[in-house]
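Got your viewer open and a selection box ready? Here is a short walk through the model, one selection at a time.

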Amino acid sequence: MNMKKIISILGLIYITLIALSCGDIEELDPSNLTGPIIEEGELEEGSTGGESIPSREFPVVATIDGERVNFFSGTVNDEATSIDLGGSSFVTFTTADDSNFTAAKFSISIIIDREDLKRGENDLSITSGLGGSTGLNLVDLSKVSTGNVFFPVSGNLTITQIDTTQGIVAGTFNLTLNETVGGASTGKTVMVTDGEFRFSYEVL
């Protein structure tokens with residue numbers, strides 16, 4: 001994976017964050033880590049999963065280096081963006097740890113190749129989330145200007161529930177990342193554990 005492609009992917013994520021920050025985002029209670037579960041009706045006949053997939057107050061929740069963090073979506077109905085890149089079709093769901101995206105410290109983007117929109121585990125490595133592959137990107141927004149990038153070195157993203165008729169996906173993630181500057185490791189490792197996500201996506 002060359003640096004030019006990596007920078008272009010990070011640029012795409014950054015542009016998404018700026019676009020999302022322009023919209024009105026509902027203020028939620030940050031003291032409620034997982035939020036209330038809002039039961040939805042049973043899935044439509046013929047959908048995958050066969051059970052209701054509850055919505056949540058916070059679409060992404062994770063523990064970063066021991067601190068539990070809520071992540072907000074800036075899209076209506078927590079909807080992912082559909083993108084085609086390099087011959088691949090995928091959905092990307094970008095969140096931030098502040099409802100005002102311009103004031104956020106961390107951003108998490110979940111990227112799922114449409115071929116992987118099914119129940120199962122996806123291994124995360126240095127190339128995950130780049131070029132359309134399924135993965136997860138963690139960005140420390142305070143360090144974007146200095147070129148600090150976190151690359152996954154191990155971990156997994158598991159889809160536990162999916163409704164391919166209504167376009168809803170939920171699951172978990174855990175990963176270890178190394179921080180780099182200009183492609184060289186700084187020696188800093190970041191642990192992201194007990195991650196949970198739930199968002200909607202466009203059914204093609």
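Start by selecting Phe 199: its relative accessibility is 0%, so it counts as buried. Keep in mind as you click around that this is a predicted model.

**Stop 1: the rings around Phe 199**

Leave Phe 199 on screen and add Phe 93, which is buried as well. How do the rings of Phe 93 and Phe 199 sit relative to each other? The structure holds 4 aromatic pairs. In the pair of Phe 93 and Phe 199, the ring centres are 4.6 Å apart and the planes meet at 15°; with under 30 degrees as the cut-off for stacking, this pair is stacked. It also ties together distant parts of the chain, since Phe 93 belongs to strand 4 (residues 88-96) and Phe 199 to strand 10 (residues 184-200), 106 residues apart.

Now add Phe 197. Its ring centre lies 5.8 Å from that of Phe 199 with the planes at 35°, so this pair is tilted. Phe 197 is buried too, at a relative accessible area of 1%. To complete the picture, show Phe 173: ring pairs join Phe 93, Phe 173, Phe 197 and Phe 199 into a cluster.

**Stop 2: strand 4**

Go back to Phe 93 and widen the selection to strand 4. Why call this strand largely enclosed by the rest of the structure? Of its 9 residues, 7 are buried, so the label fits.

Next, bring up the strands that pair with it:

- Strand 2 (residues 67-73) pairs with strand 4 in the antiparallel sense, over 2 bridges. Click Phe 72 and you'll find Ala 96 as its bridge partner in strand 4.
- Strand 3 (residues 81-85) is also antiparallel to strand 4, joined to it by 5 bridges. Here, Thr 81 has Thr 92 of strand 4 as its bridge partner.
- Strand 5 (residues 106-113) pairs with strand 4 over 7 bridges, again in the antiparallel sense. Look for Phe 90, which stands opposite Asp 113 of strand 5.

While you're here, zoom in on the turn of the hairpin that strand 3 and strand 4 form, with 2 residues between them. Gly 86 sits in that turn and has a positive phi of about 55°.

**Stop 3: a charge over a ring**

Select Lys 105 together with Phe 106. Lys 105 lies over the face of Phe 106, at 4.8 Å from the ring centre.

**Stop 4: Leu 157**

Jump to strand 8 (residues 148-163) and pick out Leu 157. Buried or exposed? Leu 157 counts as buried, because its relative accessibility is 0%. Expand the selection to what it touches, leaving out residues up to four places away in sequence: among the contacts are Ile 110, Leu 124, Thr 172, Phe 173 and Phe 197. Those last two names are familiar from the ring cluster. Thr 134 is another contact; its C-alpha atom is 8.4 Å from that of Leu 157, and 23 residues separate the two along the chain.

**Zooming out**

Show everything again and switch to cartoon. You should see 1 helix and 10 strands, with the helix ahead of the strands in the sequence pattern. Of the 204 residues, 47% count as buried. Among contacts with a separation of 6 or more, 62% are between residues 24 or more positions apart. Finally, turn on the surface: the accessible area comes to about 9700 Å², and 51% of it belongs to carbon and sulfur atoms.

Notes:
Residues are numbered from 1 along each chain as its sequence is written. This is a predicted model: local features need pLDDT of at least 70, side-chain atom pairs count only at pLDDT 80 or more; totals for chains, interfaces and linings use all residues. Side-chain values use heavy atoms; hydrogens and water are left out. Helices (H or I, at least four residues) and strands (E, at least two) are DSSP runs, numbered from the N terminus. Buried means under 20% relative accessible area, exposed over 50%, partly exposed in between (1.4 Å probe, protein chains only). Contact means heavy atoms within 4.5 Å. Accessible areas come from the Shrake-Rupley method with a 1.4 Å probe; for residues, only the protein chains shown count as cover. Rings of Phe, Tyr and Trp (its six-membered ring) pair if their centres lie within 6.5 Å; planes under 30 degrees apart count as stacked, over 60 as edge-to-face and the rest as tilted. A charge sits over a ring if NZ of Lys or CZ of Arg is within 6 Å of the ring centre and within 35 degrees of the ring normal. Two strands pair if DSSP finds at least two bridges between them.
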